[in-house]
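Welcome, and please load the model in your viewer. We will go from the whole chain to a few selections, one stop at a time.

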Amino acid sequence: EKTFEEEVEFETSMLAMAFLSNIEKEAELKGIKRKELAEMVGTSASYITQIFRGNKTPNLKILTALGLAVGKKFYVQAVDDIQEFSNQQK
């Protein structure tokens, strides 16, 4: 059984990874390198590498900036049960 803090950390990591996966795919399609992404959002290439590897958890401002840099905006929706929500989307 996870503590509340552990659940928060886990959910934060999962949400960040979902966003980052989409950002990475779009950047690849557009031929945008991580160094270019870093310059576009005003951070270091090292930090970008760390967040894509999962070593750092980006804040919402960085995730938003990365999304905009590749031409994407994200929609977030709160759900009671992610599994039920996933099944409804199929």
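**The whole chain**

Colour by secondary structure first: from the N terminus on, the elements run α-α-α-α-α. That makes 5 helices and 0 strands, where helices (H or I, at least four residues) and strands (E, at least two) are DSSP runs numbered from the N terminus. This is a predicted model, in which local features need pLDDT of at least 70 and side-chain atom pairs count only at pLDDT 80 or more, while totals for chains, interfaces and linings use all residues. Residues are numbered from 1 along each chain as its sequence is written, and side-chain values use heavy atoms, with hydrogens and water left out.

Zoom out to see the C-alpha atoms, which fill a box of roughly 40 × 30 × 20 Å along the principal axes. Of the 90 residues, 23% count as buried; buried means under 20% relative accessible area, exposed over 50%, and partly exposed in between (1.4 Å probe, protein chains only). Turn on the surface next: about 6,900 Å² is accessible, and 51% of this belongs to carbon and sulfur atoms. The areas come from the Shrake-Rupley method with a 1.4 Å probe, and for residues only the protein chains shown count as cover.

**Stop one: helix α2**

Select residues 34-41, which form α2, and show the side chains of its buried residues, Leu-37, Ala-38 and Val-41. Why do they line one face of the helix? Seen down the axis of α2, these buried residues fall within an arc of 100°, so they share one face; the arc is that of the directions from the helix axis to the C-beta atoms. Rotate to the other side of α2, and you find Lys-35 and Glu-39 exposed.

Now add the neighbours: the cover over the buried residues of α2 includes α1 (4-30), α3 (45-53) and α4. Just after α2, click on Gly-42, which takes a positive phi of about 80°.

**Stop two: Glu-26**

Move to Glu-26 in helix α1. Is this residue buried or exposed? Glu-26 counts as buried, because its relative accessibility is 16%. Leaving aside residues up to four places away in sequence, Glu-26 touches Val-70 and Lys-72, a contact being heavy atoms within 4.5 Å.

**Stop three: Lys-73**

Finish by selecting Lys-73, in the loop between α4 (60-69) and α5 (82-89). Lys-73 counts as exposed because its relative accessibility is 73%. Draw a distance from its C-alpha atom to that of Arg-34: the two are 39 residues apart along the chain and separated by 19 Å.
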